[in-house]
Amino acid sequence: MKFRSERDALVDVLSTVGRAVGGRGVSSVVLSGVLLVCEGNRLTGTGTDLDLTIRMEQEVIGLEDGSCVIPARLATEIVRSLEAGAVTLEAGEERVEISAARSHFELRTFPVVEFPDDEPRDRSGSPSGRCPCDGLRQVVRAASTDDARPCSPACS
(Lines give C-alpha, C1' and ligand atoms only; values in the text may rest on other atoms or scores of the structure.)
Protein backbone atom coordinates (compact mmCIF):
# COMPACT_ATOMS: atom_id res chain seq x y z
CA MET A 1 0.00 0.00 0.00
CA LYS A 2 1.24 3.45 -0.82
CA PHE A 3 -0.48 6.82 -0.85
CA ARG A 4 0.19 10.54 -0.53
CA SER A 5 -1.94 12.97 1.48
CA GLU A 6 -1.79 16.42 3.01
CA ARG A 7 -0.49 16.28 6.58
CA ASP A 8 -3.54 17.96 8.16
CA ALA A 9 -5.99 15.62 6.39
CA LEU A 10 -4.02 12.55 7.50
CA VAL A 11 -3.78 13.82 11.09
CA ASP A 12 -7.55 14.32 11.03
CA VAL A 13 -8.15 10.71 9.94
CA LEU A 14 -5.67 9.19 12.39
CA SER A 15 -6.80 11.24 15.39
CA THR A 16 -10.49 10.69 14.69
CA VAL A 17 -10.36 6.91 14.28
CA GLY A 18 -7.74 6.71 17.03
CA ARG A 19 -10.35 7.88 19.56
CA ALA A 20 -11.94 4.44 19.42
CA VAL A 21 -8.67 2.64 20.07
CA GLY A 22 -8.28 1.13 23.52
CA GLY A 23 -5.48 2.36 25.74
CA ARG A 24 -3.32 0.22 27.97
CA GLY A 25 -4.59 -3.17 29.00
CA VAL A 26 -6.26 -4.03 25.70
CA SER A 27 -7.02 -7.70 25.18
CA SER A 28 -5.08 -7.83 21.91
CA VAL A 29 -2.16 -5.67 20.82
CA VAL A 30 -3.73 -5.18 17.38
CA LEU A 31 -6.55 -3.22 19.10
CA SER A 32 -4.03 -0.48 19.86
CA GLY A 33 -3.72 0.13 16.11
CA VAL A 34 -5.80 1.57 13.33
CA LEU A 35 -6.59 -0.19 10.08
CA LEU A 36 -5.78 1.84 6.97
CA VAL A 37 -7.15 0.63 3.64
CA CYS A 38 -6.25 2.39 0.39
CA GLU A 39 -8.34 1.60 -2.69
CA GLY A 40 -7.82 3.88 -5.65
CA ASN A 41 -7.81 7.44 -4.35
CA ARG A 42 -9.85 6.62 -1.23
CA LEU A 43 -8.30 6.01 2.20
CA THR A 44 -10.48 4.37 4.84
CA GLY A 45 -9.30 4.44 8.45
CA THR A 46 -10.89 2.24 11.14
CA GLY A 47 -10.29 2.18 14.88
CA THR A 48 -12.05 -0.07 17.38
CA ASP A 49 -11.99 -1.28 20.96
CA LEU A 50 -14.63 -3.96 20.15
CA ASP A 51 -17.38 -1.85 21.78
CA LEU A 52 -16.97 1.26 19.66
CA THR A 53 -15.84 1.41 16.03
CA ILE A 54 -15.02 4.64 14.22
CA ARG A 55 -14.54 4.60 10.45
CA MET A 56 -13.54 7.62 8.36
CA GLU A 57 -12.85 8.07 4.66
CA GLN A 58 -10.54 10.61 3.07
CA GLU A 59 -9.55 11.49 -0.49
CA VAL A 60 -5.82 10.80 -1.08
CA ILE A 61 -3.48 10.26 -4.00
CA GLY A 62 -3.45 6.47 -4.16
CA LEU A 63 -0.24 5.07 -5.59
CA GLU A 64 -0.73 1.41 -4.64
CA ASP A 65 -3.78 -0.34 -3.14
CA GLY A 66 -3.47 -2.31 0.07
CA SER A 67 -4.01 -2.26 3.81
CA CYS A 68 -2.06 -2.14 7.05
CA VAL A 69 -2.59 -1.81 10.79
CA ILE A 70 -0.34 0.81 12.42
CA PRO A 71 0.05 1.88 16.06
CA ALA A 72 -2.61 4.58 16.47
CA ARG A 73 -1.12 6.99 19.00
CA LEU A 74 2.46 6.81 17.73
CA ALA A 75 1.48 7.26 14.08
CA THR A 76 -0.78 10.22 14.93
CA GLU A 77 2.00 11.96 16.87
CA ILE A 78 4.53 11.31 14.10
CA VAL A 79 2.30 12.72 11.36
CA ARG A 80 1.32 15.67 13.55
CA SER A 81 5.01 16.53 14.09
CA LEU A 82 5.79 16.63 10.36
CA GLU A 83 6.06 19.82 8.32
CA ALA A 84 2.88 21.00 6.61
CA GLY A 85 2.57 19.63 3.10
CA ALA A 86 2.49 16.24 1.43
CA VAL A 87 3.03 13.10 3.50
CA THR A 88 3.75 9.74 1.91
CA LEU A 89 2.83 6.52 3.68
CA GLU A 90 4.16 3.25 2.27
CA ALA A 91 3.40 -0.09 3.93
CA GLY A 92 5.26 -3.31 3.37
CA GLU A 93 4.84 -6.74 4.95
CA GLU A 94 5.98 -5.84 8.47
CA ARG A 95 6.88 -2.13 8.28
CA VAL A 96 5.34 1.16 7.31
CA GLU A 97 7.33 4.19 6.22
CA ILE A 98 6.00 7.68 6.87
CA SER A 99 7.90 10.46 5.13
CA ALA A 100 7.57 14.14 4.34
CA ALA A 101 10.21 16.56 3.08
CA ARG A 102 13.40 15.68 5.03
CA SER A 103 11.66 13.56 7.70
CA HIS A 104 11.48 9.78 7.48
CA PHE A 105 10.00 7.38 10.05
CA GLU A 106 9.66 3.62 10.02
CA LEU A 107 7.22 1.69 12.25
CA ARG A 108 6.38 -1.96 12.69
CA THR A 109 2.88 -2.93 11.68
CA PHE A 110 0.41 -5.35 13.22
CA PRO A 111 -1.02 -8.28 11.22
CA VAL A 112 -4.09 -7.16 9.25
CA VAL A 113 -5.71 -10.60 9.64
CA GLU A 114 -5.82 -10.12 13.43
CA PHE A 115 -7.74 -6.85 13.19
CA PRO A 116 -11.42 -7.44 14.12
CA ASP A 117 -13.93 -7.66 11.31
CA ASP A 118 -15.14 -4.11 10.86
CA GLU A 119 -18.35 -4.95 9.04
CA PRO A 120 -21.42 -3.84 11.01
CA ARG A 121 -23.43 -6.69 12.41
CA ASP A 122 -27.03 -7.06 11.35
CA ARG A 123 -29.01 -6.37 14.51
CA SER A 124 -32.39 -6.15 12.81
CA GLY A 125 -33.38 -9.71 13.65
CA SER A 126 -35.29 -10.72 16.73
CA PRO A 127 -35.45 -13.91 18.79
CA SER A 128 -37.42 -16.67 17.09
CA GLY A 129 -38.31 -14.28 14.25
CA ARG A 130 -41.01 -12.50 16.27
CA CYS A 131 -41.34 -8.78 16.67
CA PRO A 132 -40.04 -7.41 20.02
CA CYS A 133 -43.36 -5.56 20.28
CA ASP A 134 -45.12 -8.90 20.96
CA GLY A 135 -43.11 -9.35 24.13
CA LEU A 136 -43.77 -5.79 25.26
CA ARG A 137 -47.53 -6.23 24.74
CA GLN A 138 -47.45 -9.25 27.06
CA VAL A 139 -45.75 -7.45 29.97
CA VAL A 140 -47.33 -3.99 29.72
CA ARG A 141 -50.59 -5.33 31.17
CA ALA A 142 -48.74 -6.36 34.35
CA ALA A 143 -47.01 -2.98 34.85
CA SER A 144 -48.62 -0.67 37.40
CA THR A 145 -49.35 2.98 36.61
CA ASP A 146 -50.02 3.82 40.28
CA ASP A 147 -47.13 5.98 41.63
CA ALA A 148 -48.31 5.52 45.22
CA ARG A 149 -47.69 1.78 45.07
CA PRO A 150 -44.42 0.84 46.84
CA CYS A 151 -41.67 -0.75 44.84
CA SER A 152 -41.02 -4.43 45.41
CA PRO A 153 -37.84 -5.50 47.28
CA ALA A 154 -36.43 -6.71 43.96
CA CYS A 155 -36.19 -3.07 42.77
CA SER A 156 -33.80 -2.01 45.53
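**Salt bridges and helix 1 in the predicted model**

In this predicted model, the side chains of R42 and E59 meet in a salt bridge, with an N to O distance of 3.1 Å. R42 is situated in strand 3 and E59 in strand 4, so that the pair ties together parts of the chain lying 17 residues apart in sequence. Neither term of accessibility at its extreme applies to E59, which is partly exposed with a relative accessible area of 49%, and R42 is likewise partly exposed, its relative accessible area being 32%.

R42 also takes part in a salt bridge with E57, for which the closest N and O atoms are 3.7 Å apart. This pair, too, links distant parts of the chain, since E57 belongs to strand 4 (residues 53-59) and R42 to strand 3 (residues 42-48), with their positions 15 residues apart in the numbering. E57 counts as partly exposed, at 47% relative accessibility. Taken together, R42, E57 and E59 are linked in a network of salt bridges. Side chains of opposite charge can pair when their charged atoms come close.

A search of the whole structure finds 8 salt bridges, and one of them is formed within a helix: E77 pairs with R80, the closest N and O atoms being 2.9 Å apart. Both E77 and R80 lie in helix 2 (residues 72-81), where they are separated by 3 residues, or about one turn of the helix. An α-helix has 3.6 residues a turn, so residues three or four places apart point the same way. With regard to solvent accessibility, E77 counts as partly exposed at 47% relative accessibility, and R80 is also partly exposed, at 39%.

Helix 1 was examined for its span and its burial. Helix 1 covers residues 7-18, a run of 12 residues, and reaches 16 Å from its first C-alpha to its last, which is close to the 16 Å expected at 1.5 Å a residue. Of the 12 residues in helix 1, 10 are buried, so this helix is largely enclosed by the rest of the structure. The buried positions of helix 1 are R7, A9, L10, V11, V13, L14, S15, T16, V17 and G18.

Methods. Residues numbered from 1 in each chain as written. Predicted model: local features only at pLDDT ≥ 70, side-chain atom pairs only at ≥ 80, totals over all residues. Heavy atoms only, no water. Salt bridge = Lys/Arg side-chain N within 4 Å of Asp/Glu carboxyl O. Helix = DSSP H or I, 4+ residues; strand = E, 2+ residues; numbered from the N terminus. Buried < 20%, exposed > 50% of the residue type's maximum accessible area, 1.4 Å probe, protein only. Expected span 1.5 Å × (residues − 1).
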